[in-house]
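Could you look through this structure with me before we discuss it? I have set down a few points in the order in which I would go through them.

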Amino acid sequence: MINHYLDNAASSYPKAPGVGRAMADYIEQLGVNVGRGTYAQASEAALTVLETREKLKRFFHFPGRENHVVFTPGATYGLNQILRGFLKPGDHVIVSSMEHNAVMRPLTDLQECGVTFSRIPADQDGKTNAADLVPLLKPNTRLVVVSHASNVSGTIFPLEETAQLCRQYGIPLVVDAAQTAGYLPIDFEALGLAALCVPGHKGLLGPQGIGAMLLTPSFAKLLTPLTTGGTGSASDSELQPDYMPDRFESGTMNLPGIMGLNAALDFVMEQGVESVRAHTKMLTQQFLEGVRRLPVRIVGPNDPEQQVGVVSLDFCDLDNAEVAFRLEQESGIITRCGLHCAPNAHKTLQTFPQGTVRFSFGHATTEEEVAYAIRGINKIFD
């Protein structure tokens, strides 16, 4: 049991009640595959898979059919599928300057194939003006891909304004919701998104190794699958099925992960995103007030209204890695130190190459834990 876990931006802990039990029940009592048989147990598992798609569809206000909710090993896989499956030599992409390597590494790879990208600038707190997207548009701009909130500073991206501009200029918008799914409301239909990529193991409180990619039918048709193979369907042909979701779900699904995510979604939907958002805002405010007078730099907006429950600190005259180590060893406080797989975000925030010590709060974080963390940080300076 981890007593003082403040690394929810990496993965939520504890998971939603019932997640482990649902996974164990599948492994110990069911254990069958789906799409490979019509016997009762396979049909039972398939119904849970369908139910999970339907829950994700409702949760994100996705207007398409549930067969366009595609299961992935995580948000990173979904983003790779979109970037590598959509872009062609000569295409141009717009991203923000705060993107995670789940976006930037595929794009950097694709540069070798003639794909180019531009970054929407952000200020030293990671805040972006949506209008700064417009000067970056080119005749060959094919896609806009943005993170809904920074995994380093927690800064919330101006998604509504950006979505409006993308609709105005007819550019598909893809959103990486790794830090916001389960923490901020996301209305796929109202935003007019082309695609949304989410992990199951962060704000959705499910297990690692499962995520989802929500695709509009028109956008899905433009993607070339990254992987092809057995789907349990159209087995008379050596061609990949062109219908959904089989087109993007080759191989054996992570069924234990889907069972766990299904249970997690029940809990998340019962709690309500608004309730979780209010809770993490309150904790963020408490934490910020507790560290403002300390000799540290608060990296990011320093405003719970403009960030999710993620706060990075730069300990200036101290070694950030040593601080993180001492917090764990002396106080049992779990954080994440480093560059958080987002080097350009740290360059934007002027914390490269030293990185930061990141504190991130979740649904189960308490006011007492935040107060304890503040005391632990104070001890560093005693």
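The points below concern a predicted model, and they go from a sheet to a helix and then to some aromatic rings.

1. I would begin with the open sheet, in which 4 strands follow the order β9-β10-β13-β12 with antiparallel pairing. Because β9 (297-299) and β12 (336-338) stand at the edges and have a single partner strand each, one side of each is left without a neighbour in the sheet. From one strand to the next, the twist averages 30 degrees.

2. For the pairing at one of these edges, please look at β9 and strand β10 (residues 310-314), which run antiparallel and are joined by 3 bridges. If you would like a residue to start from, take Arg297, whose bridge partner in β10 is Asp314. Helix α10 (residues 320-331) packs on the sheet, where it touches β10, β12 and β13 (356-360), and the direction of α10 makes about 40 degrees with that of β13.

3. Helix α5 (residues 159-169) deserves its own point, since its buried residues are Leu159, Thr162, Ala163, Leu165 and Cys166. These residues cover an arc of only 160 degrees around the axis, and therefore they lie on the same side of α5. On the face turned away from that buried side, α5 carries the exposed residues Glu160, Gln164 and Gln168.

4. What do the buried residues of α5 pack against? Their partners are β5 (141-147), β6 (173-176) and α6 (188-191). Just after α5 comes Gly170, which takes a positive phi of about 70 degrees.

5. The structure holds 7 aromatic pairs, and one of them is the tilted pair of Phe287 and Phe359, with 4.8 Å centre to centre and 40 degrees between the planes. This pair links distant parts of the chain, as Phe287 belongs to helix α9 (residues 273-291) and Phe359 to strand β13, 72 residues apart. Both Phe287 and Phe359 are buried, and ring pairs link these two residues with Phe361 into a cluster.

6. Phe315 and Phe381 form a stacked pair, with 6.0 Å centre to centre and 20 degrees between the planes. Phe315 lies in the loop between β10 and α10, whereas Phe381 lies in the segment after α12 (367-380), 66 residues apart. Is each ring buried or partly exposed? Phe315 has a relative accessible area of 1% and is therefore buried, whereas Phe381, with a relative accessible area of 30%, is partly exposed.

7. Finally, please look at Lys347, which lies over the face of Phe352, at 4.9 Å from the ring centre.

Methods:
Residues are numbered from 1 along each chain as its sequence is written. This is a predicted model: local features need pLDDT of at least 70, side-chain atom pairs count only at pLDDT 80 or more; totals for chains, interfaces and linings use all residues. Side-chain values use heavy atoms; hydrogens and water are left out. Two strands pair if DSSP finds at least two bridges between them. Helices (H or I, at least four residues) and strands (E, at least two) are DSSP runs, numbered from the N terminus. Axes are lines fitted to C-alpha atoms, for helices over the stretch in contact, and angles run from 0 to 180 degrees between N-to-C directions. Contact means heavy atoms within 4.5 Å. Buried means under 20% relative accessible area, exposed over 50%, partly exposed in between (1.4 Å probe, protein chains only). The arc is that of the directions from the helix axis to the C-beta atoms. Rings of Phe, Tyr and Trp (its six-membered ring) pair if their centres lie within 6.5 Å; planes under 30 degrees apart count as stacked, over 60 as edge-to-face and the rest as tilted. A charge sits over a ring if NZ of Lys or CZ of Arg is within 6 Å of the ring centre and within 35 degrees of the ring normal.
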